[in-house]
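This briefing is for a reader who has not seen the structure before. Please look through the sequence and the model first, then read the notes below.

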Amino acid sequence: MDTSNPESPRRPLLKTWSAFGNLGRRPSEYEIVTHKMNHTLRDTPLELGADSHGNLWLVRHRDRIKLAVQDWNAFRDPDQLTYRKYVTCQDKSETYLDAIIQEFARIGRAESAPEFLQTCLTPSRYLAHGLQMMSAYLQQLAPSTYVGNCAAFQTGDQLRRVQRVAHRTKQLDRAYPERLFGKTERIAWEQLPLWQGLRKGIERLLVTFDWDDVFVGLNLVVKPLADELTLRQFATVARHQNAELDALIADNLFLDAERSGRWTTALTRFAIADDRANRGHLRALVAKWRPLADEIVETGGRLLGSFSPGPNSADRIAAAARDAWRCFLHGAGLQTESGE
């Protein structure tokens, strides 16, 4: 507008911000607080020498990976989570869990099935902590903030799960001091044969460094199978064991797992749509992790099956987990070997 002439026509307002280019609309709150916030996406990622270990690590394990997308900033989280939205959502979930724990304690039904919970629940603190560490690594090396924020919220989900399992472990220890809750979980995680498939999955991830390999190993293989077995299938068995409180907690934590699955499948389909060659690369990585996936399903099925009524319980649980994983990969635009 010409300030010297108040009668001159106003210039139309721009419908975007310059950082977004010709978006043709005003960016959403989600886009405003997310777009290009990753300070490591530049020629020298960290404020160190180009040949420093941190910079060489990012170049080798993020910038030179085989999974290639023209513009990672074009990806959008299906839930469009911001920190404000995430905290609000999780505050409601935590309020719900606090309320049901207090109610079960009030009516005297908070502690039941100690053998089942000591075998199948409390050792999962180590599993959740491993998933938390790998989710943080996925965030640290993410190729855009849109991807990195999804992984950051996933890290928060796993921290929440660690805290809830630790809380239940202490409650059970007070109810059954003779069973030594809180003192036996590491032994179970490291030595109980039926935990070793999941333990191997976590330890293999901890020595996997390329970002695309970690994304596939964690979010397309180990985590969805771990969530299916130790949350959804666990809840079913817990109800058979009259451990309704722990079933309800697992149900609520599984909501986080479903959100993780949504952004994972969306990102996989995004990468495939950008370059069809990415499908072959991702399928090859899934095939690489497939033997470990089979071991997780087999051992996890037997872990829960030993407490589930009816014949062939372990086989039924394993089949349910395998079918859920197959559907998950199909939703991501991939297929298992049996679906080819």
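The notes below cover salt bridges and one helix-to-helix contact. The model is predicted. A search of the whole structure finds 27 salt bridges, and three of them are described here one by one. The helix contact involves α5 and α8.

**A salt bridge between a loop and helix α10**

- D79 and R262 are joined through their side chains by a salt bridge, with an N to O distance of 3.0 Å.
- This pair links distant parts of the chain, as its two residues are 183 residues apart.
- D79 lies in the loop between α2 (53–63) and α3 (83–106), while R262 belongs to helix α10 (residues 244–274).
- R262 has a relative accessible area of 36%, so this residue is partly exposed.

**A salt bridge between helices α3 and α6**

- E94 and R164 form a salt bridge in which the closest N and O atoms are 3.1 Å apart.
- Here too the pair links distant parts of the chain: E94 is in helix α3 and R164 is in helix α6 (residues 145–175), 70 residues apart.
- The two partners fall into separate accessibility classes: E94, at 21% relative accessibility, counts as partly exposed, whereas R164, at 4%, counts as buried.
- The cut-off behind this is that buried means under 20% relative accessible area.

**A salt bridge within helix α10, and a network**

- D256 forms a salt bridge with R259, and their closest N and O atoms are 3.1 Å apart.
- Both residues are in helix α10, and because they are three residues apart there, about one helical turn separates them.
- D256 counts as buried at 6% relative accessibility, and R259 counts as buried at 9%.
- Salt bridges that share partners join D256 and R259 with E94, D98, D157, R160 and R164 into one network.

**The contact between helices α5 and α8**

- The axes of helix α5 (residues 124–140) and helix α8 (residues 196–206) come within 10 Å and cross at roughly 25°.
- Angles under 35 degrees count as roughly parallel, and α5 and α8 are therefore roughly parallel to each other.
- The crossing of α5 past α8 is left-handed.
- On the α5 side, the contact is made by L127, G130, L131, M133 and M134.
- On the α8 side, L198, I202, L205 and L206 take part.
- By class, the residues of this contact are eight nonpolar and one polar, with no charged residue.

How values were computed. Residues are numbered from 1 along each chain as its sequence is written. This is a predicted model: local features need pLDDT of at least 70, side-chain atom pairs count only at pLDDT 80 or more; totals for chains, interfaces and linings use all residues. Side-chain values use heavy atoms; hydrogens and water are left out. A salt bridge is a side-chain nitrogen of Lys or Arg within 4 Å of a carboxyl oxygen of Asp or Glu. Helices (H or I, at least four residues) and strands (E, at least two) are DSSP runs, numbered from the N terminus. Buried means under 20% relative accessible area, exposed over 50%, partly exposed in between (1.4 Å probe, protein chains only). Axes are lines fitted to C-alpha atoms, for helices over the stretch in contact, and angles run from 0 to 180 degrees between N-to-C directions. Angles under 35 degrees count as roughly parallel, over 145 as roughly antiparallel, 65 to 115 as roughly perpendicular and the rest as oblique. A crossing is left-handed if the near helix is turned anticlockwise from the far one by less than a right angle, and right-handed if clockwise. Contact means heavy atoms within 4.5 Å. Ala, Val, Leu, Ile, Met, Phe, Trp, Tyr, Cys and Pro count as nonpolar, Asp, Glu, Lys and Arg as charged, and the others, Gly among them, as polar.
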